[in-house]
Every structure is written in C-alpha cells, then in structure tokens.
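Student: Could you take me through the charged side-chain pairs of this model with some care, and then set them beside the aromatic contacts? I would like one connected account.

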Amino acid sequence: MVKSGQEVIKVFNLTYEFKLKPTQKQVLLFEEWLETHRRVYNYALAERKDWYKSRSCQMNACSLHSCYIIPAATPRPTFASQCKSLTAARKQSEYLKRVNAQSLQQTLRRVEKAFVSMWEHNHGFPRFKKPGRMRSFSFPQLGQNPFNNGYVKLPVIGVVKCRQSRSIPEVGVIKQARVVKRVSGWYVMLTIQWDVSPPQPMPHGEALGIDVGITDFIATSNGFFVKRPRFFVDAQCKLKLLQQGVSRKCLGSNNWKKAQKKVALLHEYVANSRKDWHRKLSHQICDSAGMVFVEDLNLVGLSRGMLGKHCLDAGFGKFFNILEQTCFVRDVYFQKVDARKTSQICPNCGVETGKKELSQRTHVCLNCGYTTHRDVAAAQVVLIRGLAAVGHTVKMLAEGKFIGIPVKQEFSRL
C-alpha cells in the first residue's frame with residue numbers, strides 16, 4: 001500500500017526467481033560488485049558504531065584501551081546523510097564509480113534496516129561482514145523490457161542469460177531485481193508489481209484444523225496424519241563426514257574451499273528438499289478445504305527447547321508461511337488461532353482435562369467420555385477456535401452422546 005498525498009494506491013507484489021547463466025567475465029564482475037558492497041556496508045556500520053560509542057564514553061575519565069572522541073555537534077549518521085557521503089566518495093574513487101549508485105544506496109538501506117530491527121524487534125547489534133559473507137545486491141530501478149526471451153538486462157552490467165523456467169505475467173511491471181550468490185550458482189529475484197488490490201479469501205467451504213508435531217508433522221481435525229520427514233537428521237551422517245574433511249584441510253587452501261563447498265551444497269539440498277515438500281503438502285491441504293486454521297505457536301521458544309533441533313528440522317514457521325501463500329493463491333481462507341492449551345481441552349464438551357505427558361497419545365475425557373487421538377483432539381480444538389473467530393456456529397462432535405472417530409480414519413496417511 002502506497003500513500004500519494006490524500007490518495008491511497010494499493011499495489012500487489014510477487015517475486016519470481018530464475019537461475020542465471022553468466023559468462024566468466026560477468027562472474028568476475030559480480031564478485032567485484034559483492035566485495036564493493038561489502039566494504040560500503042562495513043564502512044557505514046563502522047561510522048554508526050563509532051558515533052554510538054563516542055556517546056557512551058564517561059565524561060570524567062578516559063578508557064585505558066581506547067576512547068572514541070567525536071565532536072558533540074556531529075549529528076547521528078542516517079541513511080540520508082550516508083547517501084550524501086557516498087555521492088561525494090564516488091567522485092573521488094574509481095572503485096566506487098564502477099558500481100551502480102542506486103545499488104550501493106540499497107546497501108546503505110540494509111544498514112538502516114539492521115538498526116531499526118535492533119531497536120524495534122529486539123535483534124542483536126549489526127555485525128561486520130567478513131569476505132564472502134555479502135551474497136546479494138539489488139537494483140531498485142530497471143530499464144524498459146528488462147526480462148525477455150531468457151535474458152535479463154541489468155543496469156551497468158548489461159544482458160545476462162538466465163534459465164527461464166516459467167513465464168511471468170505481462171500485465172505486471174518489474175520494479176526491482178536482486179542478484180543472489182549461492183553455492184549452486186547465481187540467481188536473480190524479479191519483483192513484479194500490479195496496481196491492484198487483490199481480493200482477500202473469505203471464509204467458505206469445509207473447515208480444517210491443523211495441529212503440528214514432532215512424530216506426525218500434521219494431524220488434521222478430520223483424522224488424517226502426515227509423518228514428519230527428517231531432512232536434516234537423515235543427512236547428519238554425511239554432513240559429519242564432510243565437516244571432518246573440512247577440518248583436516250589447511251585453512252584457506254583450495255582443497256579447504258572445495259570441502260566447504262560440498263558442505264554448503266548438502267545444506268542447500270536439505271533446505272530445498274524441505275521447501276519442496278512443504279509446498280506440495282500445502283497444495284494437498286488446499287485441495288480439500290475452504291478454510292484452514294493453524295496454531296499461532298511461539299516458534300522461537302520451541303527452537304530453544306529440548307527438542308529444538310527436531311523443531312528446526314521440521315520447519316514449522318516456513319511451512320506456515322508457505323501454507324498461507326498457497327491458501328491466498330488457491331482462494332482458501334487462512335487464519336492462526338490461539339495455541340494455548342489446545343491439548344488440554346476436550347473438543348466435544350469444552351472441559352479442561354489437564355496436562356498430558358508426551359507418552360500419552362490418546363485423549364480421554366472423563367466428563368463426556370469422548371476418546372480420540374491426542375493430536376486429532378488438539379486439531380479439533382484449533383478448528384473450533386477458528387470457526388468461532390470467523391463467526392461460524394460450532395456443531396459439537398457428539399451432540400451430547402459419545403461418537404468416536406474410527407481408528408482407521410485416525411491413522412490413515414495423506
């Protein structure tokens with residue numbers, strides 16, 4: 001959403017990713033640009049860091065180690081002031097002139113966002129980037145027809161060949177391009193913008209509640225389960241051998257770099273496999289549902305718990321993001337509900353049954369006698385809360401009588 005004076009213009013953005021096929025000369029140019037962006041980022045961060053440290057020095061004593069002395073009238077470095085300094089530096093440095101000016105300004109904006117995240121979202125203090133850690137640079141503006149027939153035209157760099165795995169809509173406008181370096185090659189992210197307000201999916205059709213877990217990745221309110229694939233855990237043995245190979249190589253040698261590349265390729269393969277599985281599962285869920293409700297979990301707390309490694313391997317947060325995107329594309333209503341005590345409430349009568357041990361996999365209500373699988377009961381509680389949130393009436397499972405879900409339906413697999 002963009003505000004223009006008194007008028008509000010709504011826009012819709014989508015990002016398309018394509019793999020680049022640069023020439024050897026273009027690869028060297030990409031590497032040179034990444035190093036320039038890294039130095040600009042570190043210089044801007046050092047300028048801000050020195051200013052903050054100069055304001056934290058004691059007034060009546062000096063440190064024996066070092067003391068940052070900057071005049072009191074010096075204003076705090078901001079994005080605007082650092083852009084002015086960058087413009088002056090480009091007139092004197094041939095090294096900076098070879099890089100697109102707007103692209104360097106986007107790097108300064110990344111420094112600004114890092115400090116905003118530290119102030120507003122409790123993130124840590126921004127850190128300097130050592131060689132090889134800067135992996136992307138962006139272009140906020142492109143020329144006419146920048147993407148056509150398997151080629152993308154970038155400012156200053158020129159035309160770069162890419163693998164056009166799918167077509168992009170012709171009605172949209174390409175507003176931004178980001179070049180990303182990964183261990184498997186170079187990629188370009190094209191952000192396409194439409195000046196439209198997309199309709200939001202409304203609650204309709206069959207509702208589905210989803211409970212996520214470690215043993216079964218998801219359990220739905222209608223009694224279906226999906227076993228959790230162990231992407232990282234299955235790759236641990238191979239990863240251990242590859243990391244041992246890295247530790248036995250001379251630090252900084254060519255063999256050490258080759259061994260590091262093998263480790264990075266394995267990590268990228270695991271991440272891609274997990275993402276692909278999440279996307280396929282999200283489409284499978286949307287095939288039979290008009291409304292999807294999930295738990296609003298404390299993912300940071302789960303990742304720091306006893307089963308943190310398995311929670312991170314499952315990727316609950318990434319799955320929820322992909323599921324939300326898929327629901328939007330497939331016109332399925334998506335909403336998160338309160339996750340507190342979903343496994344401690346009977347979905348049939350609403351009575352709190354108390355905490356259950358992890359080994360207790362069956363839900364038994366002493367009040368109404370309702371019995372089902374523990375994860376299915378939690379998913380049904382999520383469904384009831386979701387339906388109540390959208391204003392739908394909730395039909396009780398047993399209508400005052402005991403009606404259990406068949407065992408075959410509970411333990412079937414998607």
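Tutor: A salt bridge is taken here as a side-chain nitrogen of Lys or Arg lying within 4 Å of a carboxyl oxygen of Asp or Glu. Side chains of opposite charge can pair when their charged atoms come close. The model is a predicted one, and by the rule just given its count comes to 13 salt bridges.

The pair to look at closely is R361 with D375, a salt bridge in which the closest N and O atoms are 3.0 Å apart. R361 lies in the loop between β14 and β15 (362–364), whereas D375 belongs to helix α11 (residues 374–389), so the pair ties together parts that are 14 residues apart in sequence. The two partners can also be described by their accessibility: R361 has a relative accessible area of 31% and is therefore partly exposed, while D375, at 9%, counts as buried, because buried means under 20% relative accessible area.

A second bridge joins D287 and R330, with the closest N and O atoms 2.6 Å apart. This pair links distant parts of the chain, since D287 sits in the loop between α7 and β13 (291–296) and R330 in the loop between α10 (316–329) and β14 (333–338), the two being 43 residues apart. D287 counts as exposed at 55% relative accessibility, and R330, with a relative accessible area of 32%, is partly exposed.

Within a single helix there is the bridge between K280 and D276, whose closest N and O atoms are 3.2 Å apart. Both residues belong to helix α7 (residues 254–286), and because they are 4 residues apart there, about one helical turn separates them. K280 has a relative accessible area of 54% and is exposed, whereas D276, with 39%, is partly exposed. Elsewhere, E35, R38 and R39 are linked in a network of salt bridges.

Some charged residues are grouped in another way: K19, K21, K161 and R163 form a positive surface patch. The residues of such a patch have no salt bridge and have over 30% relative accessible area. K161, one of the patch members, is found in strand β7 (residues 158–163), and at 42% relative accessibility K161 counts as partly exposed.

Turning to the aromatic side chains, the structure holds 16 aromatic pairs. Among them is the pair of W33 and F139, which is tilted, with 5.8 Å from centre to centre and 50° between the planes. W33 is in helix α1 (residues 24–54) and F139 in strand β4 (residues 136–139), so this pair ties together parts of the chain that are 106 residues apart in sequence. Both W33 and F139 are buried. F139 also pairs with F137: the ring centres are 5.7 Å apart and the planes stand at 85°, so this contact is edge-to-face, because planes over 60 degrees apart are classed that way. F137 is buried, as is F139. A further group of rings, F217, F231, W277, F316, F319 and F320, forms one aromatic cluster.

To return to the starting point, the R361 and D375 bridge brings together a loop residue and a residue of helix α11, with the Arg partly exposed and the Asp buried.

Key:
Residues numbered from 1 in each chain as written. Predicted model: local features only at pLDDT ≥ 70, side-chain atom pairs only at ≥ 80, totals over all residues. Heavy atoms only, no water. Patch = residues over 30% accessible without salt bridge, like charges linked within 9 Å, V, L, I, M, F, W, Y side chains within 5 Å. Areas by Shrake-Rupley, 256 points an atom, 1.4 Å probe, with all protein chains shown as cover. Lys, Arg positive; Asp, Glu negative; His and termini not counted. Charge placed at Lys NZ, Arg CZ, Asp CG, Glu CD. Buried < 20%, exposed > 50% of the residue type's maximum accessible area, 1.4 Å probe, protein only. Phe/Tyr/Trp six-rings, centres within 6.5 Å; stacked < 30°, edge-to-face > 60°.
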